[in-house]
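Reader: Could you walk me through a few of the labels used for this structure? I would like to see the reasoning behind each of them.

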Amino acid sequence: MAARRVTRYLLPRFASVFQRFNSTTAPLIMKRRALYKPENLRLFATSPKSQDSVSIVFLDRDGDKIFAKAKVGASFLDIAIDNDVELEGACEGTLACSTCHLIFTKEDYDKIEDKPTDEELDMLDLAYGLTEMSRLGCQVIVTKEMDGLVVKVPSFVADARNPS
């Protein structure tokens with residue numbers, strides 16, 4: 001009875017799969033599957049390939065210093081999450097909120113190579129405690145020049161997705 005169900009219901013539904021899998025297509029399909037190995041997947045955010053690291057100091061909401069090692073190429077949001085800094089990142093780095101708002105000193109702000117985009121500035125307008133030296137942590141990427149950088153986490157968080 002079970003064999004009859006397999007041949008009657010399942011095989012016709014998967015016939016197109018079996019037809020596509022032949023000696024010509026097999027290497028292509030296997031290569032595509034190799035791309036989905038766990039070491040090739042990025043679950044939360046991009047992980048840098050560089051082995052260079054710098055030290056970053058976070059000043060948390062209470063004023064305590066949190067020393068963090070950061071790989072060059074990582075975002076400040078990733079570094080904060082990896083080092084248990086109270087930085088929310090509610091949108092997971094998709095530039096849809098302002099919960100990863102950080103405040104830099106003037107000297108450290110000038111070390112950031114990429115200037116804020118219009119989209120980032122729009123999100124920053126909704127952030128609590130906005131200053132001229134504010135950036136979103138998900139948009140700032142670590143470079144070698146940022147070694148010893150000190151960054152402050154604001155005392156409150158305003159989520160741009162729910163401004164009320």
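**Reasons behind the labels**

Author: Gladly! This is a predicted model, and the count comes to one cavity of 30 Å³ or more.

Reader: How much space lies in the largest cavity, and which residues are closest to its centre?

Author: The largest cavity holds about 60 Å³ of space. It is lined by 12 residues, and T99, H101, P154, F156 and V157 are the closest to its centre. By type, the lining divides into eight nonpolar residues, three polar and one charged.

Reader: What makes D62 count as buried or exposed?

Author: Its relative accessibility is 62%, and exposed means over 50%, so D62 counts as exposed. You will find D62 in the loop between strand 1 (53-59) and strand 2 (65-71). D62 and V153 lie 91 residues apart in sequence, with their C-alpha atoms 9.2 Å apart in space.

Reader: Why is C100 not bonded to C138?

Author: A disulfide needs two cysteine sulfur atoms within 2.5 Å. The sulfur of C100 is 3.7 Å from the closest cysteine sulfur, which belongs to C138, and therefore too far for a bond. C138 is likewise in no disulfide, its nearest cysteine sulfur being that of C100. The structure holds zero disulfides.

Reader: And how do you know whether C100 and C138 are buried or exposed?

Author: Buried means under 20% relative accessible area. C100 has 2%, so C100 is buried. C138 has 12% relative accessibility, so C138 counts as buried too.

Notes:
Residues are numbered from 1 along each chain as its sequence is written. This is a predicted model: local features need pLDDT of at least 70, side-chain atom pairs count only at pLDDT 80 or more; totals for chains, interfaces and linings use all residues. Side-chain values use heavy atoms; hydrogens and water are left out. Helices (H or I, at least four residues) and strands (E, at least two) are DSSP runs, numbered from the N terminus. Buried means under 20% relative accessible area, exposed over 50%, partly exposed in between (1.4 Å probe, protein chains only). On a 1 Å grid over the protein atoms alone, a cavity is a set of points where a 1.4 Å probe fits but cannot get out, and a pocket is an open set with protein on both sides within 12 Å along at least five of seven lines; lining residues have an atom within 4 Å of a point. Grid points are joined across faces, edges and corners, and a volume is the space filled by probe spheres set on the points. Ala, Val, Leu, Ile, Met, Phe, Trp, Tyr, Cys and Pro count as nonpolar, Asp, Glu, Lys and Arg as charged, and the others, Gly among them, as polar.
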